[in-house]
Every structure is written in structure tokens, then in C-alpha cells.
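Welcome! Let us walk through this structure together, one helix at a time.

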Amino acid sequence: MLFNILLTCLAYIYTYPLFTSTMRISYKIILLVFFSMQLCLCRLSYAQVTSFKDIRLLSQNHPDSAIMLVKKRYAKAVAIGWLCVNQGHYGQAQDYYFQADRIYTQLNAKQLLASNWSDIGELNIFNKQHNLAKIYFNKALHSFRTAGDKNGEASVLGNIGHLFEKVANYDSAFVYQKRALSIYKEVANKNGEAKIHENLGSIYEDLAKYDSAFYHFEKASDLYRETKDNYGLIVVLNNMGDIFRKTNRFPESIKLTQSAYQMAEKLGDVYQMAATTKDLSKTYALSNQLDSAYFYAERSRKLVLELYSVDGARHTAFFQALYDMNQKAEEIEKLQVTKKINLIMLWGTIVVLVLLIVLSYVLYSRQKIKIKNQITESRKQEAERELTEIALKNQLLEDKQLKQELTLKQKELTSHTLNLIRNNQFLEELRDELKGMVKDERRDQKRQMQQLVLQINENITQGVHWKEFMGTFERVHHSFFEKLIQRFPDLTAADMRLIALLKINLNNADIAVLLGISQDSLRVARHRLRKKMKLEQGEDLAGYLLTVS
């Protein structure tokens, strides 16, 4: 931390414009020394990150030795995280994985970071945090694809498929497992292919498609034999035995499961021995061989008890080794910190002495510049304040002008509407008088009066200056019809007229006069309009139109 502070100070001083070129040369030398020291420290830190695949193998039966190997390889955070998962301590595992995440982020070790994300995703599957697992798997997948790491990409795809299998989304599980299988075949990773075939077999078994499940388990067993992965082979043989048992082929099931048991016994894998004997007991019971079923059930029970005993001892040894390692690591770290502090203090004293001399001159020079800057800033603020006041006045004038224009438009719209109403009322009165004259007995005037009535009927809606009215309405209610047509594209011109009159809040009598229709016809028109606009029963049509801006 002190190195970073000193570097920042020197960089600031070096870039300050008051220094001469001669003074800058000396600071370049100091900066170069500090930069070299920082670079060496970074390289030492990066050298600590190494592979730990052998640690995973060792952890199966000797967790304490695995922890010591982790310490020697300087991959402590990630490997101990994996060991904690292997021992079932998920809380501790999460802490170590997050430590590894910070280390790899600082070192910009992208592929190692991606592997760690994949491990965190698997940990979240164990913790049943499926959404969080998916987030980490997607981050790892993107990173592996960017780096062109095919094996890493296939591994994550397989994990995502396993995640979908856990949530019973089998279609997606198949998609991701088959993508992973394709990539493993492309890079000729037979162990990876075997694992994916095992996963596919497990999915088909969950779906009770036993022929397909057996096919994939058989493919996995062949590949595990080819790669000499006996641990994987034991699991697959036991799964094949389960398929035979579920399809009532008991002799074949017993043969495969016993083969898996014998392999587990040779490897000393107590967990698989317990699993295979339990399956043998089930198979013998289903085939009515009760003595053998009891024998293997008892054998399974004893192995489970032994497994718990071994697990307890292993967990105790694991935590003891972890505690001892942390204690020693703390002691070593204290010694290293003490040495670093002494070295930093020496360099710090030298640098501080130089900085004091330089800063004294800098402070004197800065005081002069500060006074000049304050005067300049004061003038600038005054100018900005004047510009702001002018802009505010202009804005107020614009707002006032807009309000005046809106008031004029509203008055114009009101005037148009009143003229329309008066005109239509006059024409209606004239039409009614002519209708009365038509009913008169003077036959010689009847035809002429009928023609006048027809002309009035035509002009009662045609000649009321609808064009000017609608234009004024659009200027007052800008883009109203455009937005309405976007919502309800099947509205007609007649609908638009009715909507405009409802929007300006006219009563039914005035609307009927303007449209030249009766009150009954207006009610029918309003009902049709409500249907087009899909309004619910009881919802006010005029009120809805007022909400449309």
C-alpha cells in the first residue's frame, strides 16, 4: 500500500508543470526503481498459481497430505475450496473459491478465473442455488469461448446440462450435453466423452427410457476402459446393473453389479462398495433370493457405518491439517511482513526526505497559482451566472408565448364548435319548418320543398366546416388522433368526429346537433365506438378519451 502511495505522489510531482527537465530526470529514475520493484512482486505472485489436478486425486484418501501439497504449489485458495467440496464442507468451500476469484481477478488469469467460476457453479448446485449456478456457468462459458478453450467450454456445457437435469428440464439438459459431447469428440477428449455419455444415460434413466440409457452407459464404460479410469467405470457398471434390475433382467444385473463391487473393493473405494452392495441386495430381493438379499443388505449396512467412521476421521484430519497450515501460514506471513516493513521504511525515509524538499517548493508555487486561478474562476462564474439569467428569461418568454398560443387555439376551437352548433341548429329549425310546409295541402310546392329538405340534410353535416374544425382540434391536441389510430386502427372518419366532440367535453344534445343525427342514433354510435375501443361495461367513454394525451 505504501509503495502505491509513494508512486502516486511521485507521479503527481513529475507531471506538475513547474518542474524543469533536469529535476524530472531524477524523478524518472526513482519511478523506474519503484516500478521495477512492483513488477517483481507481481511476477512472484503470478508464479504462485500452478496446476492442482494431482491434488484432487490425492484428496480422495489423504486430505491432510493434499493440503500440504496445496501449500507447496501456491494454489491454496482454489484447491482447498475443492477439497472442502469433496469433504462436504460447502460453506468453507465458498469462502476459498471467493478468495481464488479475487486472486485470479487481480492477476488477470482469465482461464483460471473461468475454471473457478465453473467450480463455484457446481458448488451452487450442491447448495441447490440453481439460478446462481447458472449465472456462474454462463460467465465461465463466455470466458472459455473467448479464450478458445474447447475442453473448458465442453466441461461447462456438461455442467449446465447437469443443472437442467436437476430441475427436471430434460429437453435443455439433452441440448447442452450433446453440445458438450460434440466438442469433446472434436478435441478427442475420450474421458470427457465418457462423462457426457454417463450424464446422457442418467437423463434417459430418469425418463424411464432404459434402452437409450443402457446404450449411453455402455458407451461410457468402453471409453472409461480405454482411458483406464476405473473410478468412472465402477459408477457406470453399477448404473448398467440398475438398468437390468429395472427391466427385470436380474441375472445380468447381478453380474454387472458384482463386477463393479469387485473393482471398488480392489481400489478400496468404500463409498462405491456400499452403493453396489445395496443395489445387489435390492436385485436379490426382487428375484426372491432372500438369503443373498439379506447378506448384501447387512454388508451394505456395515460398509455405511465404516464409511461414516472413515468420513469422521477424515474430516477431523482435514480440519486439523487446515488449522495447522493456517497457523504456519500466519507465522510466515508475519515474518515476511516484518521484512517488507523494514525495507519499506528504509525506502520510505529516503523518499520522504526528497519529497519534503520538493513539496516545499511546490507549495510556494501553488499558492501563487491558486490566487490566479481563484480570480479567473470568479470571473468565469460571474459570466456563467449572467448567461444562466439570460437563458432563464428566454425560457420564461417562450413559456409565456406557448401559453398564449394554446389559449388562442382553445378559443379558436371553442368558436368553431359554437359556430357549428349554431349553424346546425339553424338548419335543423329550417328543416323542421320545411317538413311542416311539405305536409301542407299545397301540392304545387311540395316537390320543391322536399328538394330543399334533402339539401339541408346533406349540408347539415357536410357544410359545417369540419375540415377547419378538425385542423384546429389537431393543433390544440397534438398527435391525439395519431396515437388513437395506433391503438385502434379500425376507427372511421365518422368515429373520429364523434371522438373529437367527446374530447372537448360537449353534451349529447350538442353532439347530436353537430352530427345531424338523433339522440337515439348518437347512443348507437357511442355503443359501436365503445366496442371498437374494447371498453368494459361501466367504463366511461368520455373519461377514457380525456386520459389519452
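Contact here means heavy atoms within 4.5 Å. Helices (H or I, at least four residues) are DSSP runs, numbered from the N terminus. This is a predicted model, in which local features need pLDDT of at least 70, side-chain atom pairs count only at pLDDT 80 or more, and totals for chains, interfaces and linings use all residues. Residues are numbered from 1 along each chain as its sequence is written, and side-chain values use heavy atoms, with hydrogens and water left out.

Please find helix α9, residues 150-166. Its end C-alpha atoms are 24 Å apart, which agrees with the 24 Å that 17 residues should span at 1.5 Å a residue (the expected span is 1.5 Å times one less than the number of residues). At the N-terminal end, D149 acts as a cap: one of its side-chain oxygens lies 3.3 Å from the backbone nitrogen of N151. After α9 comes A168, with a positive phi near 65°.

How enclosed is α9 by the rest of the structure? Twelve of its 17 residues are buried (under 20% relative accessible area, 1.4 Å probe, protein chains only), so α9 is largely enclosed. Among the buried ones are G152, L157 and F164. The buried residues of α9 pack against α7 (110-126), α8 (130-147), α10 (170-186) and α11 (190-206).

Now look at V156, which touches S118, F137, A140, L141 and F144, leaving aside residues up to four places away in sequence.

Notes: Helices (H or I, at least four residues) and strands (E, at least two) are DSSP runs, numbered from the N terminus. Buried means under 20% relative accessible area, exposed over 50%, partly exposed in between (1.4 Å probe, protein chains only). A polar contact is a pair of N or O atoms within 3.5 Å; within protein, one must be able to donate a hydrogen and the other to accept it, and residues adjacent in sequence count only if both atoms are side-chain atoms.
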